[in-house]
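Colleague: I've got a model open and would like to learn how to read it. Can you walk me through it, feature by feature?

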Amino acid sequence: MRYRLTFVAGLALGYVLGTRAGRERYEQLKKSVREISQNPAVRNTVESAAQQGRGVAGKAFHSVSEKVGDRMPDSVADRVRSLRERGQGSEDDWGTSNT
């Protein structure tokens, strides 16, 4: 329930700010976000965080796999495996490689 309330509050805040700011301000914000996302320091930080997240997720998967063993449904194991394979060597939403 807390997440739903947070989402609705964020949606309302975004709507109010968006209607007050107008299209010109929206374009300025969009340009700023694009410039920030192209910054090499930001890109390196995002890439580093993504690598750390994948590492932690892999360790967690192995830890859970050892404890759960064969009781883990095949569909879950297949989904985790496909997510892990999809994340290797591809570009993320920021346009950085995950290698």
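Colleague: Where do I start with confidence, and what does the chain average in pLDDT?

Modeller: This is a predicted model, so begin with the predictor's own confidence in each residue. The chain averages a pLDDT of 78, and 84% of the residues score at least 70. Then go element by element: helix H2 (residues 40-68) has the highest mean, at 86, while helix H3 (residues 74-87) has the lowest, at 76.

Colleague: And the fold itself: how many helices and strands are there?

Modeller: Three helices and zero strands. Reading from the N terminus, you get α-α-α.

Colleague: How would I check the length of H2 against what is expected?

Modeller: Take the span from first C-alpha to last and set it beside 1.5 Å a residue. With its 29 residues, H2 reaches 41 Å, close to the expected 42 Å. Look at the start of H2 too: a side-chain oxygen of Asn39 comes to within 2.9 Å of the backbone nitrogen of Ala41.

Colleague: Now burial. What share of the chain counts as buried?

Modeller: Just 10% of the 99 residues. In H2, the buried ones are Glu47, Gly58 and Phe61. As for surface, the chain exposes about 8,400 Å², with carbon and sulfur atoms supplying 58% of that.

Colleague: Is Ser37 buried or exposed?

Modeller: The cut-off for buried is under 20% relative accessible area. Ser37 has 11%, so Ser37 is buried. This residue lies in helix H1, and its side chain reaches the backbone oxygen of Arg34 at 2.9 Å.

Colleague: Why does Phe7 count as exposed?

Modeller: Exposed means over 50%, and Phe7 counts as exposed because its relative accessibility is 56%. Phe7 sits in helix H1 (residues 2-38). Together with Val8 and Leu11, Phe7 forms a nonpolar patch on the surface, with about 320 Å² of accessible area in total.

Colleague: Any general idea that helps when I look at positions along a helix?

Modeller: An α-helix has 3.6 residues a turn, so residues three or four places apart point the same way.

How values were computed:
Residues are numbered from 1 along each chain as its sequence is written. This is a predicted model: local features need pLDDT of at least 70, side-chain atom pairs count only at pLDDT 80 or more; totals for chains, interfaces and linings use all residues. Side-chain values use heavy atoms; hydrogens and water are left out. Helices (H or I, at least four residues) and strands (E, at least two) are DSSP runs, numbered from the N terminus. Buried means under 20% relative accessible area, exposed over 50%, partly exposed in between (1.4 Å probe, protein chains only). Accessible areas come from the Shrake-Rupley method with a 1.4 Å probe; for residues, only the protein chains shown count as cover. Patches are made of residues with over 30% relative accessible area and no salt bridge: like charges are joined within 9 Å, nonpolar side chains (Val, Leu, Ile, Met, Phe, Trp, Tyr) within 5 Å. A salt bridge is a side-chain nitrogen of Lys or Arg within 4 Å of a carboxyl oxygen of Asp or Glu. pLDDT is the predictor's confidence in each residue, from 0 to 100. The expected span of a helix is 1.5 Å times one less than its number of residues. A polar contact is a pair of N or O atoms within 3.5 Å; within protein, one must be able to donate a hydrogen and the other to accept it, and residues adjacent in sequence count only if both atoms are side-chain atoms.
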